[in-house]
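The following exercises concern the packing of secondary-structure elements and some features of the backbone. Each task is followed by a solution in steps.

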Amino acid sequence: MSKQILATVASAFALAAGVSSVHAQDNPAGDAVNGQKKAAMCIGCHGIPGYRASFPEIHQVPMISGQGAKYIVSALNAYKKGERKHPTMRGIAGSLSDQDMADVSAFYASHQAPASTAVAPAPSAVVAELLKKGNCASCHGEGLNKPIDGSYPKLAGQHADYLFVALKAYKVENNPNVGRGNAIMGGMAKPFSNAELQSLASYIGSLPSDLQVVPNAKFR
């Protein structure tokens, strides 16, 4: 990475660490049982295997069962604040209190995937270079499935088409309807072409994962 990108990342980490230490005591504890009751607005998309969204392009909705609770709260807050531009998700997140977010996140984090002995496929030489360039494991951890901080997502095994859309969103600037505002991910994604991001997304989506879709009883 360039010195400019490294400086941006370092500054963002320092800011995030400071904010986290100041507000950690303000984050309510989540209750998975209550979260199940509050997840009715989530199951229509995230509880149906193969369900696809159409904004900003057609892609499978992300798997959130098995994702870290702290990350889900962080993502919901980003939608609520408009840092992630998505009309449906902003409307949903905007209707949730901090306690609601904590409870729903605890519910989805409680969905543990069955133990797996799957071995991660080796990346091609091209993808290996892209992973090295992005240094993805420095935040998302071993196998891109063990984030070094709970506010970062597990990436391994996530739907490749969703990952591609999400990565491209970090490159968007000055668009009121599409894009994601995040200093770290913006600095990481912008040096890559869309073709390179698609290659990364395809490989990451093939990795063994904790993520899954847990159908609601209404849709089974």
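A residue counts as buried when its relative accessible area is under 20%, and as exposed when that area is over 50%. The model is predicted.

**Exercise 1. Decide whether helix 9 (residues 160–169) is largely enclosed, and identify its surroundings.**

Solution.
1. Apply the cut-off for burial, under 20% relative accessible area, to the helix. The residues of helix 9 that pass are Y162, L163, F164, V165, A166, L167, K168 and A169.
2. Eight of the ten residues of helix 9 are thus buried, so the helix is largely enclosed by the rest of the structure.
3. Next, list the partners. The buried residues of helix 9 pack against three strands, namely strand 2 (59–60), strand 3 (84–85) and strand 4 (179–180), and against helix 10 (183–189) and helix 11 (194–204).
4. For context, 40% of the 220 residues of the protein chain count as buried, and the chain contains eleven helices and four strands.

**Exercise 2. Describe how helix 9 packs on helix 11.**

Solution.
1. Begin with the geometry: the axes of helix 9 and helix 11 are 8 Å apart, at an angle of about 140°.
2. Angles over 145 degrees would count as roughly antiparallel. Helix 9 is therefore oblique to helix 11.
3. The crossing of helix 9 with helix 11 is right-handed.
4. On the side of helix 9, A160, L163, F164, L167 and K168 make the contact, and on the side of helix 11 the residues are N194, L197, Q198, A201, S202 and I204.
5. Sorted by class, the contact between helix 9 and helix 11 comprises seven nonpolar, three polar and one charged residues.
6. The spacing along a helix can be read with a general rule: an α-helix has 3.6 residues a turn, so residues three or four places apart point the same way.

**Exercise 3. Trace the environment of L163 and of L155.**

Solution.
1. L163 lies in helix 9, and with a relative accessibility of 7% it counts as buried.
2. Leaving out residues up to four places away in sequence, L163 touches L155, Q158, A201, I204 and G205.
3. Follow the first of these partners. L155 is placed in the loop between helix 8 (137–140) and helix 9, and its relative accessibility of 15% makes it buried.
4. Beyond its neighbours within four places in sequence, L155 is in contact with H140, L144, L163 and I204. I204 therefore appears in both contact lists, as does the pair L163 and L155 itself.
5. Check the separation along the chain. L163 and Q60 are 103 residues apart along the chain, yet their C-alpha atoms are separated by 9.5 Å. L155 and M63 are 92 residues apart in sequence, with a C-alpha to C-alpha distance of 10.0 Å.
6. In the chain as a whole, 71% of the contacts with a separation of 6 or more join residues 24 or more positions apart.

**Exercise 4. Classify the packing of helix 4 (residues 69–81) on helix 6 (residues 98–109), and of helix 7 (residues 125–134) on helix 11.**

Solution.
1. The axes of helix 4 and helix 6 come within 8 Å and cross at roughly 135°; these helices are therefore oblique to each other.
2. Their crossing is right-handed.
3. Helix 4 contributes A69, I72, V73, L76, N77 and K80, which meet D98, M101, A102, S105, A106, Y108 and A109 of helix 6. These residues divide into nine nonpolar, two polar and two charged.
4. For helix 7 and helix 11, the axes come within 10 Å and cross at roughly 100°, which makes helix 7 roughly perpendicular to helix 11.
5. V127, L130, L131 and K133 of helix 7 make this contact with E196, S199, L200 and Y203 of helix 11. The classes are five nonpolar, one polar and two charged.

**Exercise 5. Locate the backbone features at P56, L144 and N174.**

Solution.
1. Recall the usual case: most residues other than glycine have a negative phi, and most peptide bonds are trans.
2. The peptide bond from F55 to P56 is cis, with omega near -5°. P56 lies in the loop between strand 1 (52–53) and strand 2.
3. L144 has a positive phi of about 55° although it is not a glycine. L144 is in the loop between helix 8 and helix 9 and is buried at 7% relative accessibility.
4. N174 also has a positive phi, near 55°. N174 sits in the loop between helix 9 and strand 4 and is exposed, with a relative accessible area of 82%.

Technical notes. Residues numbered from 1 in each chain as written. Predicted model: local features only at pLDDT ≥ 70, side-chain atom pairs only at ≥ 80, totals over all residues. Heavy atoms only, no water. Axes fitted to C-alpha atoms, helices over the stretch in contact; angles between N-to-C directions. Helix = DSSP H or I, 4+ residues; strand = E, 2+ residues; numbered from the N terminus. Parallel < 35°, antiparallel > 145°, perpendicular 65-115°, else oblique. Left-handed = near helix turned anticlockwise from the far one by under 90°. Contact = heavy atoms within 4.5 Å. Nonpolar A, V, L, I, M, F, W, Y, C, P; charged D, E, K, R; others polar. Buried < 20%, exposed > 50% of the residue type's maximum accessible area, 1.4 Å probe, protein only.
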